[in-house]
Every structure is written in structure tokens, then in C-alpha cells.
Amino acid sequence: MLTFTELKAHVTYIHGNRSDISTYVGVWVNWAYKWCWNKLQNRGMHAAEDVSTGNCVAAQKYIGVPSGTFAVLRVIVNSVVLEKRPWDEYAKIQTWPSAAPTKYYIWGSSIFFDTAPDDTYAYSIYRIKNLTELSGASDTMSIPEAFETAVISQAAAYGYRALNLPQDFSTWFTSAKI
């Protein structure tokens, strides 16, 4: 995955290594990154997965959704993939047996289990992180690597639009396919 610095270098190169655009290239890259991220979400595709791990402790019926989470894809506890169930089903549970969880429910910023864990269990939460703008030199995008070219092309198009070069804008904009 290309870093923010490398993405900016590609766009700068496309624009002929002009020094007068250096303060704008990062903005164009972030615009293009947001454009691509939104396109992926709107087409039912996911950005790159991230995994958060931790331990759920005995008798605690919930864990927190990791901060910066756009969507929880799946939860694994004690090496078992839990079944996601609707919240209204959880609300009907009257007693919680003491056992390893088999189902989970999401409400707000918490993931609730169908049982009260009877021991401490390791968990993994597979998720899509929220989009955060690239700012640090080593920041990378949270989209699949296959879409880097589209982001670079779109960023180049934004640059040509800002420079009022419509023919170049059109060329790069139409090449930014997702």
C-alpha cells in the first residue's frame, strides 16, 4: 500500500513535477481518497478490513465497539465465529446462562453477547475503520490496494480541474475507474 508521501509524489509527477502545486497535492489526494471510499461503500464493497483484539472477562455480557469503527463485519470469541442477531431479540432475553458466547448484538457503541461469559475469552472484531484523512507521511489508505491507481488518477483530475485544464481533467477523470 502506498503511503501518503508516495501518493503525492505520483500526482506531482503526473503534473510535471511542478513546484507551484505542492501545497495542493495533499488536498487533491484526500479528495480522491474520499471519492473512492464513498464509491466502494455505495456499491456494497468494503474498504480494507481491520481487526481489533482483546479479552472479554467472565460475567461481563458486552464489549465496546472499537473507536473509529464504520462497520462491524464479524466477531470471533474463543476461535468461534459468532452469529449476528437483531437487537430486538436480545431485548427479549430474560436470563443469561454462564457459557461461551455464540451470538452477538450491536447496540450503540457496544457489542452484547447472548450469554454471560463463564471465563476470560480472547476475541477478534473484524471491522471497517472510519475514513480518516491522510496527513502523516507514512499514513496509508483503508481501501484495497487495487484501487490505488483510481485514487491517483482522480487526484490528478482534481489537480487539472483546479489548474483550469479541462482536456487533461477529462482524460484523468475518465481513467479513474472503480
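**Helix α4 and its neighbours**

Mentor: In this predicted model, helix α4 is mostly covered, with 12 of its 15 residues buried.

Trainee: Which residues of α4 are the buried ones?

Mentor: They are E148, A150, V151, I152, S153, Q154, A155, A156, A157, Y158, G159 and Y160, and each is called buried because its relative accessible area is under 20%.

Trainee: How do you know that the span of α4 agrees with what a helix of 15 residues should have?

Mentor: At 1.5 Å a residue, the 15 residues of α4, residues 148-162, should span 21 Å, and the C-alpha atoms at its ends are 21 Å apart, so the two values agree. After the helix comes N164, whose phi is positive, near 60°.

Trainee: What makes the buried residues of helix α1 line one face?

Mentor: In α1, which runs over residues 4-14, the buried residues are F4, L7, V11 and T12. Seen down the axis of α1, they fall within an arc of 135°, so they line one face of the helix. The general background is that an α-helix has 3.6 residues a turn, so residues three or four places apart point the same way.

Trainee: Why are α1 and α4 called oblique to each other?

Mentor: Their axes are 9 Å apart and the helices pack at an angle of about 50°. An angle from 35 to 65 degrees is neither roughly parallel nor roughly perpendicular and counts as oblique, and α1 and α4 are therefore oblique to each other. Their crossing is right-handed, and the contact is made by L7, H10, V11 and I14 of α1 with I152, A155, A156 and Y160 of α4.

Trainee: Why, then, is α4 called roughly antiparallel to α5?

Mentor: The axes of α4 and α5, the latter being residues 166-175, come within 8 Å and cross at roughly 160°. Angles over 145 degrees count as roughly antiparallel, and that makes α4 roughly antiparallel to α5. This crossing of α4 and α5 is left-handed, and in it S153, Q154, A156, A157, Y160 and R161 of α4 meet D168, F169, W172, F173 and S175 of α5.

Trainee: Turning to strand β3, why is V77 called buried?

Mentor: V77, which lies in β3, residues 69-77, has a relative accessible area of 1%; buried means under 20%, so V77 is buried. Leaving aside neighbours within four places in sequence, V77 is in contact with C56, L82, P101, F113, Y121, A122 and Y123. One of these, A122, is 45 residues from V77 in sequence, and the two are 5.9 Å apart in space, C-alpha to C-alpha.

How values were computed:
Residues are numbered from 1 along each chain as its sequence is written. This is a predicted model: local features need pLDDT of at least 70, side-chain atom pairs count only at pLDDT 80 or more; totals for chains, interfaces and linings use all residues. Side-chain values use heavy atoms; hydrogens and water are left out. Helices (H or I, at least four residues) and strands (E, at least two) are DSSP runs, numbered from the N terminus. The expected span of a helix is 1.5 Å times one less than its number of residues. Buried means under 20% relative accessible area, exposed over 50%, partly exposed in between (1.4 Å probe, protein chains only). The arc is that of the directions from the helix axis to the C-beta atoms. Axes are lines fitted to C-alpha atoms, for helices over the stretch in contact, and angles run from 0 to 180 degrees between N-to-C directions. Angles under 35 degrees count as roughly parallel, over 145 as roughly antiparallel, 65 to 115 as roughly perpendicular and the rest as oblique. A crossing is left-handed if the near helix is turned anticlockwise from the far one by less than a right angle, and right-handed if clockwise. Contact means heavy atoms within 4.5 Å.
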